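Dear colleague,

I am passing on the structure that you asked about, and below it you will find a summary of what came out of going through it. Please read the summary with the structure open beside you.

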Amino acid sequence: MASTAFQDQFRDHPSFGFLDWVLRGIGQVVFQNNPLSGAVILAGIFYNSWIYGTVCLLGTIISTATALFFKADKGMIKDGLFGFNGALIAIALVAYTSPNFTTGAPPNLYLGLYIVLCAAFTAVIVPAFGAILGPHKVPGLTMPFVLATWFFLGALFSFTTIDVSNALKPTSPSDFTGPRPDYTGITWFHGITMGIAEIFFQDNWVTGIVILIGIAINTRIGAAMALMGSTLAVVTAMFYGAHDEAIRDGLFGYNAALTAMALGGMFLVLNWQSFIYTVIGVLVTARVWASLGVFLEPSGMPVLTSAFVFVTWLMLLAMNGLPGLIPVAPADATTPEDNLRRYRERQRK
Amino acid sequence: MASTAFQDQFRDHPSFGFLDWVLRGIGQVVFQNNPLSGAVILAGIFYNSWIYGTVCLLGTIISTATALFFKADKGMIKDGLFGFNGALIAIALVAYTSPNFTTGAPPNLYLGLYIVLCAAFTAVIVPAFGAILGPHKVPGLTMPFVLATWFFLGALFSFTTIDVSNALKPTSPSDFTGPRPDYTGITWFHGITMGIAEIFFQDNWVTGIVILIGIAINTRIGAAMALMGSTLAVVTAMFYGAHDEAIRDGLFGYNAALTAMALGGMFLVLNWQSFIYTVIGVLVTARVWASLGVFLEPSGMPVLTSAFVFVTWLMLLAMNGLPGLIPVAPADATTPEDNLRRYRERQRK
Amino acid sequence: MASTAFQDQFRDHPSFGFLDWVLRGIGQVVFQNNPLSGAVILAGIFYNSWIYGTVCLLGTIISTATALFFKADKGMIKDGLFGFNGALIAIALVAYTSPNFTTGAPPNLYLGLYIVLCAAFTAVIVPAFGAILGPHKVPGLTMPFVLATWFFLGALFSFTTIDVSNALKPTSPSDFTGPRPDYTGITWFHGITMGIAEIFFQDNWVTGIVILIGIAINTRIGAAMALMGSTLAVVTAMFYGAHDEAIRDGLFGYNAALTAMALGGMFLVLNWQSFIYTVIGVLVTARVWASLGVFLEPSGMPVLTSAFVFVTWLMLLAMNGLPGLIPVAPADATTPEDNLRRYRERQRK
């Protein structure tokens, strides 16, 4: 397979290896163990904001280097599995401390050091989830990022040197009543594309499309699933009459898109039953995003990708008791296409 | 044993089997793997409100059918173990969206579809708890219901098509001070009977007594435990001077009654030590109900049966380190009487 | 080793044995399986307040006696491992219900009985954490205390017989902005010493120093780690411009000091890599304390030692995936010095 050879030619390269692992780390946020995917996604982030692009790269570098320092599993490091939480937490900490969420502001020295500690911490706790969930063949997903952000973001309320007054605002959960909002074509288009972009905290529909292209380079089924997840989330949010702005900002979709990719072919072989299972997972995830927001609202903390993690964990843990579903162990999960091909080969023998 | 033969004659029946499993599902909310118990309890719910009776039945049907679709363990399905969470979540979603909590209101189309998704989701995640807790011989209890309700109820704040303004109201935890309230005979009587009824969200003391009869059909020890749990919760709440209304509504008792049944003979062989253990569990559970309410109050979310689940999980997980207690594996747990008989037979050999 | 012989001479004594186990229980709050350490620490608490000293002793006695009643592992009971959670919860319940936090007030009958139930419950659930975390060679730490306090403290809002109006006050998380506070030598000195004292809820720097001496009797490395943890927490809190008062009250330090002791030689053999790992853990813990406070503020619940537990659990669970670190199983963990000596002996063979 020439294309595999091409994308993997720098994985063990003495000088470019590290850059390869970092780009894979960015790709792994959306399950793509492919440096080209990572590079395209990084370009999409830079298109929206050079600040987010830069901190995303630095966060991934810090996480990956930390894993190397503590001699973590070399194969996992090379696959970018220690980098993706660092990519997300670096962007998150800048986003929630910037006066302008959309483009971000360059971090000051205090925040810079804070990000270094956070990104290192996310790498350090990756094996903790492996220890707990590994025996069940369930991956840790973005939980290190979610936990570390919750662990660090709230602390900023206590410090004068980093300003969070524009971003984090505790409120009481408010009930959204009244007539159903008037949705437009923009609700549809922005809702779906921003649902992909928001995985990386990017308020930019172009970035969403570029990320989708980055995924499609490695797996077309994966890209189709991401699109389906975001679309279904938007459709049901409109059906139930959600806030127009929340839909347009992609907030219903970003967790749903991740759940769709995880369940739809990545950690379960794609068949008719796992497709129904994925649809259930997507519909549930979009609701869980909204519900966790209610739990967190009084403290001002964001939901992040926790809805995706909780729903996907539960549904993957359940797979062994539902024989209609065929699990793929995290270490073997490459792309939906590959998983399916290997499963069919096993069947033939 | 003629009575066992009678209650089990439809379990494998080609046409009536499904109804049998559904009725067992309703019985399993209070640990009764017996269609007669389920039928009596369902009648008790219908006595209070035909709306709750209907949605309870439908919720159990949806959960059980979902488990069949994903080819879950047939023995567990037949024992009603995939149905009971669906029974509860269907009632819960109607109760918290109705202007009148006591009788409920028929769900609109939006809520109806919402309930279908929820009930299906509770069935799907049942094996997840089996995967985590099974090796410790600890059952999942009503956690799928609790989690799914928290995952879905909060989301309703975001939608215009389902009205929650009457039910869910975030408030700040308030300190209840002043002189001890004047309790009456009604505090006692309603407190204890509603403590049983509230397991199924029913504000009706007759329903509480009917549920108790439904349990007693299958196990007298179990019924005695439920009564003891609710009574002890009322006694201690009055001793400490709790709100008269909260006691009369059965709020202190419903979690305590479930803990009493679970620890008192069901998952631990009943002996002198496990009886003391159960009393500790009951007293703790009544307190935990009140405390979790304080954690959840700012978000407006209800405690549900989470106090029972957390305390029972912890105390069952601990049993292997406390040799005075004799565990009964969930798959072997039938009734306190049976568990005791089998244990004595094993001892004799 | 004469000194070991001396400190262990009452462990199996028919009449003084129980007192020995109780004193070890007090020592185990800071990982010291040594009755002398426990006695010195208890003296330090009595120096601050005879009320706290008395309830600390009673709490440990109740927990230890409960473990004996349920026939828990005798070796663990003798090592004080069933006592330390009872020591902490008894002090906590008095502290949060007293008009004056610093010295406490004698509990009334209602609170007294409440403490008995709580302390018994913490002992009962100790093996639950052993069941879950034992296979990963991770100890339960003070989680039984943290959970039980959260489970019981909130319930007090519902009762007229125990007054919490002076202590527990739900508020909205508030952002601390403005110029960096003017720190003085007192910020340094009180911050560091109270950081040790606050582990036992004592607002008294002398008590902090006495506790440090109690630790040093058993292990100098452990005492050095506790001091380093508290100091690093103070240094970084000042660097980031935290509230002067929060620093002086030792609030940043008490979780950090515990993390430092746990990771710095106790459950990981002390080497260059585990030292860096400990420093990361300490810095993270100090942030997590502040962040969890934001999550809990709307409910009025305190953070307790949960920051230490969460961070230490995650970092110990991760150790098996980071081969630069050498784990010490909880059952083998004695003192950093001993762990190191035994490791070197194993290496030599």
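The model is a predicted one, and I begin with the surface of chain C, where C:Phe6, C:Leu36, C:Trp188, C:Phe189, C:Trp205, C:Ile209, C:Ile213, C:Ile217 and C:Val235 make a nonpolar patch of about 780 Å². At least two residues of this patch come from each of two helices of chain C, H9 (185-197) and H10 (205-218), and H10(C) gives the most, with 4 residues. C:Val235, another member of the patch, has its place in helix H11 of chain C, which covers residues 220-239, and it counts as partly exposed because its relative accessible area is 34%.

Next come the interfaces. Between chain A and chain B, 43 residues of chain A are in contact with 40 residues of chain B, and about 3,500 Å² is buried between the two chains, 74% of it on carbon and sulfur atoms. Of the area that chain A buries against chain B, 20% is supplied by A:Tyr240, A:Phe295 and A:Leu314, more than by any other three residues. The side of chain A that touches chain B receives two or more residues from each of helices H11 (220-239), H14 (272-296) and H15 (306-317) of chain A, and the largest share, 13 residues, comes from H14(A). Between chain A and chain B there are 0 salt bridges by the rule, while 12 residue pairs are in polar contact.

Chain C also meets chain B, with 40 residues from chain C and 43 residues from chain B taking part in the contact. Here the buried area is about 3,500 Å², of which carbon and sulfur atoms give 74%, and C:Phe70, C:Phe151 and C:Thr160 supply 21% of what chain C buries against chain B, more than any other three residues. The rule finds 0 salt bridges across this interface of chain C and chain B, and the count of residue pairs in polar contact is 11. On the side of chain C that touches chain B, helices H7 (109-133) and H8 (143-153) of chain C each give two or more residues, with H7(C) providing the largest share, 13 residues.

One residue that is worth finding in the viewer is A:Thr161, which lies in the loop between helix H8 (143-153) and helix H9 (185-197) of chain A. A:Thr161 counts as buried because its relative accessibility is 14%, and its side chain reaches the backbone oxygen of C:Tyr240 at 2.8 Å. Leaving aside neighbours within four places in sequence, the residues in contact with A:Thr161 include A:Asn108 and A:Tyr110 as well as C:Arg180 and C:Phe239.

Finally, there are the salt bridges, of which the rule counts 21 over all chains. A:Asp79 forms one with A:Arg11, the closest N and O atoms being 2.8 Å apart, and this pair links loops that are 68 residues apart in the chain. A:Lys78 forms another with A:Asp12, at 2.6 Å between the closest N and O atoms; A:Lys78 is in helix H5 of chain A and A:Asp12 in the loop between H1 and H2, so the pair ties together parts that are 66 residues apart in sequence. Is each partner buried or exposed? A:Lys78 is buried, with a relative accessible area of 17%, whereas A:Asp12 is exposed, at 53%.

With best wishes

Notes. Residues are numbered from 1 along each chain as its sequence is written. Chains are lettered from A and ligands numbered from 1 in the order in which they are written. This is a predicted model: local features need pLDDT of at least 70, side-chain atom pairs count only at pLDDT 80 or more; totals for chains, interfaces and linings use all residues. Side-chain values use heavy atoms; hydrogens and water are left out. Patches are made of residues with over 30% relative accessible area and no salt bridge: like charges are joined within 9 Å, nonpolar side chains (Val, Leu, Ile, Met, Phe, Trp, Tyr) within 5 Å. Accessible areas come from the Shrake-Rupley method with a 1.4 Å probe; for residues, only the protein chains shown count as cover. A salt bridge is a side-chain nitrogen of Lys or Arg within 4 Å of a carboxyl oxygen of Asp or Glu. Buried means under 20% relative accessible area, exposed over 50%, partly exposed in between (1.4 Å probe, protein chains only). Contact means heavy atoms within 4.5 Å. Buried area is the accessible area (1.4 Å probe) that two parts lose on being put together, summed over both. A polar contact is a pair of N or O atoms within 3.5 Å; within protein, one must be able to donate a hydrogen and the other to accept it, and residues adjacent in sequence count only if both atoms are side-chain atoms.
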